[in-house]
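Here are my notes from going through the model you sent. Have it open while you read.

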Amino acid sequence: MATMKETPILGNPVYPIMFAIGGCHLLNDTLQAVIPALFPVLEQEKGLTFTQLGYIAFALNMVASVLQPVVGFISDKKPMPFALPTGMIFSLIGMAGIAFAPNYWTLLVAVIILGLGSAVFHPEGSRVSYMAAGSKRGLSQSIYQVGGNSGQALAPLIGAYILVPYGQKSAAFFIIVAAIGFIILMRISAWYKKQLEQEQTAKRKKVILSSLGNLTKKQVGTALTLIFVIIFARSFYVTSITSFFIFHLMEKYDLQSERGFLYIFLFMAFGALGTLFGGPMADRFGRKKIIMLSLVVPLPFCLALPYVPLWAVVILLMFIGFVIMLSFTVTVVYAQELVPSKIGTMAGLTVGLSFGMGAVGAVVVGIFMDHLGILPTMIIISLLPLLGLVSLALPSDQKLTATPTKG
């Protein structure tokens, strides 16, 4: 494993690629955002239960979760530049199926195809972000991830202004979004392929620098376990808010779904801002400190959210969204530095686990809401961030100060 004593080969950041892959991440996750945005439509048009809606979210996120580390592992051994546009083709096909699915089971199949496209995109997209980063690792990962979180944040607006007014078939509009993503990813894949060819020609391999120093295998294993617990707590909570809090707003505050979606949008938009700030803050202050900050600070506000009046809901959603998502990119980079020889695998595991925990969370929350009611479920969910206290036990990291080597 690479250590602090090794000299890295760090090139200059390639900003056009950073922003291009971040933009494609936005498009990819916008397609995924259509699914939760469709929930009120599907409940009314097709009469689906909360549990069935939970299984739809489970199908999308679990496929992406299970396959992401597999794709990452394979690409660590044999990089696949053109897997990126291939993944977007799957997403395009899935979106067409979602728009015109006549029943619940056809919809599930279409959602699984969409999830497959996402599973192929994310590990390779993270690798491109890493390759383009140079010495700006945290910044590059933040740009990449904020693209995805911004796409997810569009879900409430998509629901309020497209899907709810015009119904399920209006999802066909997003086939165009997938086509645009495919065109951009073809260009990015050409750059990716050229970088691989240059590395082979130079007959050299980049040494990856870790800010965590020398850790034993046991310490690495323990740290990864803690990271996975943190991702579980954060993803379960965020999925509960983005997919089901709309029903809490409609029941407790008697809001129409269109207005309720705007509240969810604020949570996700401020979460995207938190994602953007998290990486650079971690580069400056340390990854462990930002992970701890993002999970400990919002605890009392999460506990209060189910009880507060409507005016306070807006404030709490914005604050919680911003702070809790500060750690989103940081946990990815932290895991990559724990096992620096497996960049794609770690990206697949951490981001894939986020999807997987979101998938499990969607099913559990749906079942709880059907059997316990909406408010009791939201109260139970508010306890989840307490698990984030395990971040106190993570190994401390140091600031990277190495400079590029020549040759």
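The points below cover helices, one residue in a helix, aromatic rings and a surface patch.

1. Before anything else, keep in mind that this is a predicted model. Everything below is computed from that model.

2. Start with helix α13, which spans residues 328-338. The helix is mostly covered, with 11 of its 11 residues buried. The run includes nonpolar side chains such as Phe328, Val330 and Leu338, but Thr329, Thr331, Gln336 and Glu337 are on the buried list too. Worth a look if you expected charged or polar residues elsewhere.

3. Now turn to α15, residues 374-381. Its buried residues are Ile374, Thr377, Met378 and Ile381. Looking down the axis of α15, these residues fall within an arc of 100°, so they line one face of the helix. The general rule helps here: an α-helix has 3.6 residues a turn, so residues three or four places apart point the same way.

4. Thr275 deserves its own point. This residue sits in helix α9 (residues 257-285), and Thr275 counts as buried because its relative accessibility is 0%, where the cut-off for buried is under 20%. What does Thr275 touch, leaving aside its neighbours within four places in sequence? The contacts are Ser142, Gln145, Val146, Asn149, Met325, Phe328 and Thr329. Two of those names, Phe328 and Thr329, also appear among the buried residues of α13. Thr275 also has Leu326 at 5.0 Å, C-alpha to C-alpha, although the two are 51 residues apart in sequence.

5. On to the rings: the structure holds 10 aromatic pairs. One of them joins Tyr104 and Trp105 edge-to-face, with 5.1 Å from centre to centre and 70° between the planes. The partners differ in cover: Tyr104 is buried at 13% relative accessible area, whereas Trp105 is exposed at 63%. Elsewhere, ring pairs link Phe39, Phe50, Phe244 and Phe247 into a cluster.

6. Last, the surface. Val296, Leu303, Leu383, Leu386, Leu389 and Leu392 make a nonpolar patch of about 460 Å². Leu389, one of these, lies in the segment after α15. Is Leu389 buried or partly exposed? Leu389 is partly exposed, with a relative accessible area of 37%. That value qualifies Leu389 for the patch on accessibility, because patch residues need over 30% relative accessible area.

Conventions: Residues numbered from 1 in each chain as written. Predicted model: local features only at pLDDT ≥ 70, side-chain atom pairs only at ≥ 80, totals over all residues. Heavy atoms only, no water. Phe/Tyr/Trp six-rings, centres within 6.5 Å; stacked < 30°, edge-to-face > 60°. Buried < 20%, exposed > 50% of the residue type's maximum accessible area, 1.4 Å probe, protein only. Patch = residues over 30% accessible without salt bridge, like charges linked within 9 Å, V, L, I, M, F, W, Y side chains within 5 Å. Areas by Shrake-Rupley, 256 points an atom, 1.4 Å probe, with all protein chains shown as cover. Salt bridge = Lys/Arg side-chain N within 4 Å of Asp/Glu carboxyl O. Helix = DSSP H or I, 4+ residues; strand = E, 2+ residues; numbered from the N terminus. Arc of directions from axis to C-beta. Contact = heavy atoms within 4.5 Å.
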